[in-house]
Amino acid sequence: MDFSTVSSASDWETPSTSITSPSMIYYRVYTPECAVFTKRPAFLDSEYIGSIRSTWLMPPRNARSVRQFLSNLENIDPSQTSLYCSRLRSSALDDKSLIFLEDGTPYGAKPEDPLILFSQVYPQQQITPGTELFVIKSDFYSPFGPQFLYYGVYTERGPLPSNAPIDEAEPWLSKIDIDLVPSQPPTMGDLMMQILRKEGGQGRHLKAE
């Protein structure tokens, strides 16, 4: 993304792109497999939710400018990304779509309903040079808790110990964070993929029952 572009006052005041006040925009990053940690966590207890200021976006503040800016912050090739206004939407936003509601509030204004940056590739580990100052101090607690799905792994002879048990007294019982699943509501295939990531290997061949 070219940060050298200078916007004039008129760019910021056109009705189609105006902001009623500087807003926080929250987002999550997903690959086809799962959610990934953001480089701009909004909360210390939930590193999958990132945040930016709406005033950081280059006019006309459409889906393309948001997608490219978030891709740059997360060090992802923007040609490999698409932007969704919610996990509940099955279609990505058109690059020309404005990201604001009628009252001027942007999509992603609430952390419980963030924008989704979907990437076909994993982000590079390092911070993109030139983006170091685009950081908002993280709050400690997110305003909502994670939602867990609990599961057990069984054979015909009985339960197997989980690779990640949640209780030493019940070594067969484990859980996955539903927020890590890209699609909402999650399909059985999505849930099985997350379980296989935790429990696969070691000669195990798993299926859902």
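Let's start with Arg64, which counts as partly exposed because its relative accessibility is 40%. Please keep in mind that we are looking at a predicted model. Arg64 sits in helix 2, which spans residues 63-73. There is also a link across the chain to point out: the C-alpha atoms of Arg64 and Leu93 are 8.7 Å apart, with the two positions 29 residues apart along the chain.

Now, what about the rest of helix 2: how many of its eleven residues are buried? Ten of the eleven are, so the helix is largely enclosed by the rest of the structure. The buried residues run from Ala63 to Leu73 and include Arg67, Gln68 and Asn72 alongside Val66, Phe69 and Leu70. If you want to colour them on your screen, add Ser65 and Ser71 to that selection.

And which strands do those buried residues pack against? They pack against strand 1 (24-30), strand 4 (46-53), strand 5 (81-84) and strand 6 (115-119).

Let me stay with strand 4 for a moment, as it has pairing partners of its own. Strand 1 and strand 4 run antiparallel and are joined by four bridges. One pair you can pick out is Tyr27 with its bridge partner Gly50 in strand 4. Strand 3, residues 41-43, also runs antiparallel to strand 4, here with two bridges. Phe43 has Ser46 of strand 4 as its bridge partner, and a hairpin of two residues connects strand 3 to strand 4.

Next comes the loop leading from strand 4 into helix 2, and I think this group will enjoy the backbone angles. Pro60 is found in that loop, and the peptide bond from Pro59 to Pro60 is cis, with omega near 10°. Arg61 belongs to the loop between strand 4 and helix 2 as well. Its phi is positive, near 55°, and Arg61 is a residue other than glycine. Is Arg61 buried or exposed? With a relative accessibility of 0%, Arg61 counts as buried.

On the other side, helix 2 is followed by Asn75, in the loop between helix 2 and strand 5. Asn75 is not a glycine, yet it has a positive phi of about 60°. At 18% relative accessibility, Asn75 counts as buried, because the cut-off for that class is under 20%.

Last topic, and one for anybody thinking about empty space: the second largest pocket. As a reminder, rolling a probe the size of a water molecule over the atoms shows where empty space is left. In this model, the second largest pocket holds about 230 Å³ of space. It is lined by 15 residues, and those closest to its centre are Tyr48, Asp177, Leu180, Gln194 and Lys198. Strand 2 (35-36), strand 9 (173-177) and helix 3 (188-199) are the elements that give two or more residues to the lining.

What is the lining made of, by class? For the second largest pocket, there are ten nonpolar residues, one polar residue and four charged residues.

And where does the second largest pocket lie with respect to the domains? Domain 1 (24-119) and domain 2 (148-200) both give residues to its lining, so the pocket lies between them.

That's my tour; thanks for listening, and I'm happy to rotate the model while we talk.

Definitions and conventions: Residues are numbered from 1 along each chain as its sequence is written. This is a predicted model: local features need pLDDT of at least 70, side-chain atom pairs count only at pLDDT 80 or more; totals for chains, interfaces and linings use all residues. Side-chain values use heavy atoms; hydrogens and water are left out. On a 1 Å grid over the protein atoms alone, a cavity is a set of points where a 1.4 Å probe fits but cannot get out, and a pocket is an open set with protein on both sides within 12 Å along at least five of seven lines; lining residues have an atom within 4 Å of a point. Grid points are joined across faces, edges and corners, and a volume is the space filled by probe spheres set on the points. Ala, Val, Leu, Ile, Met, Phe, Trp, Tyr, Cys and Pro count as nonpolar, Asp, Glu, Lys and Arg as charged, and the others, Gly among them, as polar. Domain bounds come from an automatic or database domain assignment. Buried means under 20% relative accessible area, exposed over 50%, partly exposed in between (1.4 Å probe, protein chains only). Contact means heavy atoms within 4.5 Å. Two strands pair if DSSP finds at least two bridges between them.
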